[in-house]
Amino acid sequence: MKHIKEKGAELVFLISALASILAVAMICIFLFANGVPAIGKIGIFKFLAGETWKPGNNIYGILPMILGSIYVTAGAILVGVPIGILTAVFMARFCPKRLYKVMKPAIDLLAGIPSVVYGFFGLVVIVPVMSDLFGGSGKSIATASVLLGIMILPTIIGVSESAINAVPDSYYEGALALGASHERSVFFATLPAAKSGILAGVILGVGRAIGETMAVIMVAGNQPRMPKGIFQGVRTLTANIVMEMGYATDLHREALIATAVVLFVFILLINLSFSVLNRRAE
């Protein structure tokens, strides 16, 4: 009976793994089968390097959206990653137990808030503040970066804290035995040992920032033009797909699917880059 249970568990795990692989394969097949022909019709250079997006004139250049996604994601990383990592360090090694009982549920609650609620918060709070400080409508790359930086905090904090707590206490105790202070022991012994887990949290956070749509639509300005500054409106790849897919037909629809292909490849390249950096760091 024990042998049968073990074989049954192995079969369940195998089916689960194959289902995950099948799902990824089906997504890839759908995207590339429908998107690559459109890139061929438009021309790969005109599609990727074109600065004008006018579906009514059959002009499909997504360079403004590519740059918009890069700028917004980079801004979110600058805002969210340092705050997230430092918060995780504080919660893991410095936070009093009473305060931890309050902070932990609050951060978990942030992870469960829908994107549209974040977008509404950005629209009624962050946008007016940015408008008062820097002029204009307030809907810009900077506004979207701040909002996305807030949105990725729960992911980075949760994964990074778990990684820090997983480091054996001997690292910390050894540093203390050598004469290091509590702070130096945490930042120069414990934190480097948890870098793989922290990097995983950063990757997950970046993935959410790149793929976020609703909140970005509400605060980024949605202007399909070349970015001219961090306080100017911009449209991202995800926003471009969502805003026009509902009424797109023929080549326009295929161009939007091709945009999804570019976004998919973009995310793969970022994950690959982080993996290479992680291996070199080890």
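How many residues apart in helix H1 are Glu10 and Lys7? This tour takes up that pair and then moves to other parts of the model.

The model is predicted, so local features need pLDDT of at least 70, side-chain atom pairs count only at pLDDT 80 or more, and totals for chains, interfaces and linings use all residues. Residues are numbered from 1 along each chain as its sequence is written, and side-chain values use heavy atoms, with hydrogens and water left out.

**First stop: H1**

Select helix H1 (residues 2-42). Helices here are DSSP runs of H or I with at least four residues, numbered from the N terminus. Glu10 and Lys7 are three residues apart in H1, and they are therefore separated by about one helical turn. Their side chains meet in a salt bridge (3.9 Å, N to O). The term denotes a side-chain nitrogen of Lys or Arg within 4 Å of a carboxyl oxygen of Asp or Glu. The structure holds five salt bridges.

**Second stop: H3 with H6 and H7**

Select H3 (residues 63-94) together with H6. Their axes come within 7 Å and cross at roughly 50 degrees. Axes are lines fitted to C-alpha atoms, for helices over the stretch in contact, and angles run from 0 to 180 degrees between N-to-C directions. H3 and H6 are therefore oblique to each other; angles under 35 degrees count as roughly parallel, over 145 as roughly antiparallel, 65 to 115 as roughly perpendicular, and the rest as oblique. In contact (heavy atoms within 4.5 Å), residues of H3 including Tyr71 and Gly75 meet residues of H6, among them Ala144 and Leu148.

Next, add H7 (residues 153-165), whose axis comes within 8 Å of that of H3, crossing at roughly 40 degrees. H3 and H7 are therefore also oblique to each other. Among the residues that meet there are Gly84 and Ala88 in H3, and Ile157 and Ser160 in H7.

**Third stop: H5**

Select H5 (residues 115-134) and H6 (residues 141-151). The axes of H5 and H6 come within 10 Å and cross at roughly 135 degrees. The contact includes Gly119 and Ile126 of H5, and Val146 and Ile150 of H6.

Finally, select Phe120, which is found in H5. Phe120 helps to make a nonpolar surface patch of about 830 Å², along with residues including Val124, Leu133 and Ile230. Patches are made of residues with over 30% relative accessible area and no salt bridge, where like charges are joined within 9 Å and nonpolar side chains (Val, Leu, Ile, Met, Phe, Trp, Tyr) within 5 Å. Accessible areas come from the Shrake-Rupley method with a 1.4 Å probe, and for residues only the protein chains shown count as cover.

How values were computed. Helices (H or I, at least four residues) and strands (E, at least two) are DSSP runs, numbered from the N terminus.
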